[in-house]
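Here are some exercises to work through with the model open in your viewer. Try each task before you read its solution.

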Amino acid sequence: MKTREEKKQFLKRLCNDQGIIGALAIDQRGALKKMIAKTKGSEADDNEIIEFKQIVSSELTKYASSILLDPEYGLPAADDRADNTGLLLAYEKTGYDASTPGRLPDLLSVWSVKRLKEAGADACKFLLYYDVDEPEAINHQKQAFVERIGSECRAENLPFFLELVSYDADIADATSKAYALKKPHKVNTMMKEFSDPRYGVDVLKVEVPVNMNFVEGYATDEVVYTRAEAAKYFQEQAEATHLPFIFLSAGVKSALFQDTLRFAKESGSTFNGVLCGRATWTDGVARYVSEGKEAAITWMNEEGRQNIEALNEVLAETATPVTFE
């Protein structure tokens with residue numbers, strides 16, 4: 001009973017007063033370095049990565065229920081977050097070894113769930129790339145990997161957020177029509193797999209089950225799914241798990257992400273919130289690099305704040321509160 005109560009309190013710290021997870025994600029490392037380098041024209045240095053995360057945390061956590069950071073560059077930003085803002089810390093190394101088949105995961109070598117908890121985390125987040133159709137020899141490794149993390153989280157009584165990102169080993173472009181046709185099967189099947197209690201997952205962080213750029217009424221080019229078909233995939237996703245689940249923004253623009261949440265709600269999805277990163281702060285990177293810290297702070301308090309407050313309004317209308325047992 002005491003164990004269950006402790007974990008429940010951790011989870012509550014990650015939600016807003018309505019029981020919805022409106023979390024801000026800036027655990028990007030490799031991706032953020034590339035974004036800075038693209039504007040800067042040269043490699044990003046560590047101090048820039050750390051400072052930008054601090055700016056995002058100090059200015060935007062006033063409007064978020066919690067923030068996801070990495071322990072490599074993000075601990076100063078964790079210290080700068082607003083009072084009563086929950087903290088998730090990432091456990092995985094950034095990226096994956098592209099020279100080895102399977103996008104196999106790896107952990108930060110000097111961290112453990114115990115150390116994440118000691119650093120102030122209210123939850124451990126782990127990112128897993130998963131192709132349900134890859135050989136069992138690959139997927140059994142990934143399943144065992146998640147089981148180990150789940151066991152660590154149980155031992156420390158720390159909530160385990162598993163972020164699942166689908167892919168197809170034979171389709172390089174995840175934004176293509178070819179992948180859009182396969183995405184619902186990939187996303188919903190892996191959700192069902194990792195909802196098994198053996199993995200010890202408390203909350204799933206997942207993609208929406210379709211590429212909205214191919215949905216009738218949202219399509220920028222060719223239509224792959226009718227609105228009715230897309231709605232069915234959202235319903236199937238909700239039925240694939242008994243766990244709370246939240247959506248990741250996958251780098252799409254803020255307006256499309258908000259429209260996606262509305263469509264999910266209309267389709268019968270019972271998602272419990274979001275862990276939203278680039279859709280909130282991505283345009284602030286160029287301002288930071290080209291004009292400096294103060295200009296970035298101004299951007300966060302204007303456009304960044306507008307992005308997150310608009311998202312919060314949509315969440316209030318669309319997300320299902322987490323039920324704490």
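**Exercise 1. Work out whether Gly 86 is buried or exposed in this predicted model, and list what surrounds it.**

Solution. Start with the relative accessible area: for Gly 86 the value is 1%. The cut-off for buried is under 20%, so Gly 86 counts as buried. Next, place it in the fold: Gly 86 sits in strand 3. Now look for its partners, skipping anything up to four places away in sequence: Gly 86 touches Arg 13, Leu 14, Ser 65, Ser 66, Ile 67, Arg 81 and Asp 122. Finally, try a distance. Glu 51 is 35 residues from Gly 86 along the chain, and their C-alpha atoms are 20 Å apart.

**Exercise 2. Find two non-glycine residues with positive phi, Arg 103 and Asn 157, and say how accessible each one is.**

Solution. Take Arg 103 to begin with. Its phi is near 45 degrees, which is positive although the residue isn't a glycine. You'll find Arg 103 in the loop that runs between strand 3 (86-90) and helix 5 (113-118). With a relative accessible area of 21%, Arg 103 is partly exposed; the buried class needs a value under 20%.

Now go to Asn 157. Here phi is near 55 degrees, again a positive value in a residue other than glycine. Asn 157 belongs to the loop between helix 6 (136-156) and strand 5. Its relative accessible area is 7%, so Asn 157 is buried.

**Exercise 3. Describe the surroundings of Lys 205, and decide whether this residue is buried or exposed.**

Solution. First, locate Lys 205: it lies in strand 6 (residues 203-206). Second, check the accessible area, which is 4% in relative terms, so this lysine is buried. Third, ask what its side chain pairs with. There's a polar contact of 3.3 Å between the side chains of Lys 205 and Glu 163. Fourth, widen the view to contacts beyond four places in sequence: Lys 205 meets Ala 25, Leu 68, Leu 162, Glu 163, Leu 164, Ile 246, Leu 248 and Leu 275.

**Exercise 4. Identify the residues with the most contacts inside the largest nonpolar core, then follow one of them outwards.**

Solution. The largest nonpolar core holds 86 residues, and Leu 162, Leu 204, Phe 247 and Trp 281 have the most contacts inside it. Helix 12 (residues 293-318) provides the largest share of this core, eight residues. There's also a second core, separate from it, with 15 residues, among them Leu 14, Ala 25, Ala 123 and Phe 161.

Now follow Leu 162. Leaving out residues up to four places away in sequence, Leu 162 touches Phe 126, Leu 128, Val 146, Phe 194, Val 201, Val 203, Leu 204 and Lys 205. That brings you back to the lysine of Exercise 3, whose contacts include Leu 162.

**Exercise 5. Characterise the largest pocket: what is its volume, and which residues lie nearest its centre?**

Solution. Begin with the volume, about 1,300 Å³. Then turn to the lining, which has 46 residues; Val 165, Leu 248, Ala 250, Gly 251 and Arg 278 are nearest the centre. Sort the lining by class and you get 21 nonpolar, twelve polar and 13 charged residues. Last, see where the lining comes from. Helix 2 (30-40) gives the largest share, five residues. Other elements supplying at least two residues include strand 4 (123-130), strand 5 (160-166), helix 7 (177-193) and helix 9 (254-266).

**Exercise 6. How many cavities of 30 Å³ or more are there, and what lines the largest cavity?**

Solution. The count is two. The largest cavity encloses about 40 Å³. Its lining is made up of Gly 22, Ala 23, Leu 24, Val 274, Cys 276, Thr 280, Ile 308, Leu 311, Asn 312 and Leu 315. Strand 1 (21-25), strand 8 (273-276) and helix 12 each give two or more of these residues, and helix 12 gives the most, with four. By class, the lining has seven nonpolar and three polar residues, with no charged ones.

The second largest cavity holds about 30 Å³. Ser 254, Phe 257, Gln 258, Cys 276, Ala 279, Thr 280, Asn 307 and Leu 311 form its lining. Helix 9 contributes the most here, with three residues. This lining splits into four nonpolar, four polar and no charged residues.

Note on methods
Residues are numbered from 1 along each chain as its sequence is written. This is a predicted model: local features need pLDDT of at least 70, side-chain atom pairs count only at pLDDT 80 or more; totals for chains, interfaces and linings use all residues. Side-chain values use heavy atoms; hydrogens and water are left out. On a 1 Å grid over the protein atoms alone, a cavity is a set of points where a 1.4 Å probe fits but cannot get out, and a pocket is an open set with protein on both sides within 12 Å along at least five of seven lines; lining residues have an atom within 4 Å of a point. Grid points are joined across faces, edges and corners, and a volume is the space filled by probe spheres set on the points. Ala, Val, Leu, Ile, Met, Phe, Trp, Tyr, Cys and Pro count as nonpolar, Asp, Glu, Lys and Arg as charged, and the others, Gly among them, as polar. A nonpolar core is a set of buried Ala, Val, Leu, Ile, Met, Phe, Trp, Tyr and Cys residues joined through side-chain atoms within 4.5 Å. Buried means under 20% relative accessible area, exposed over 50%, partly exposed in between (1.4 Å probe, protein chains only). Contact means heavy atoms within 4.5 Å. A polar contact is a pair of N or O atoms within 3.5 Å; within protein, one must be able to donate a hydrogen and the other to accept it, and residues adjacent in sequence count only if both atoms are side-chain atoms.
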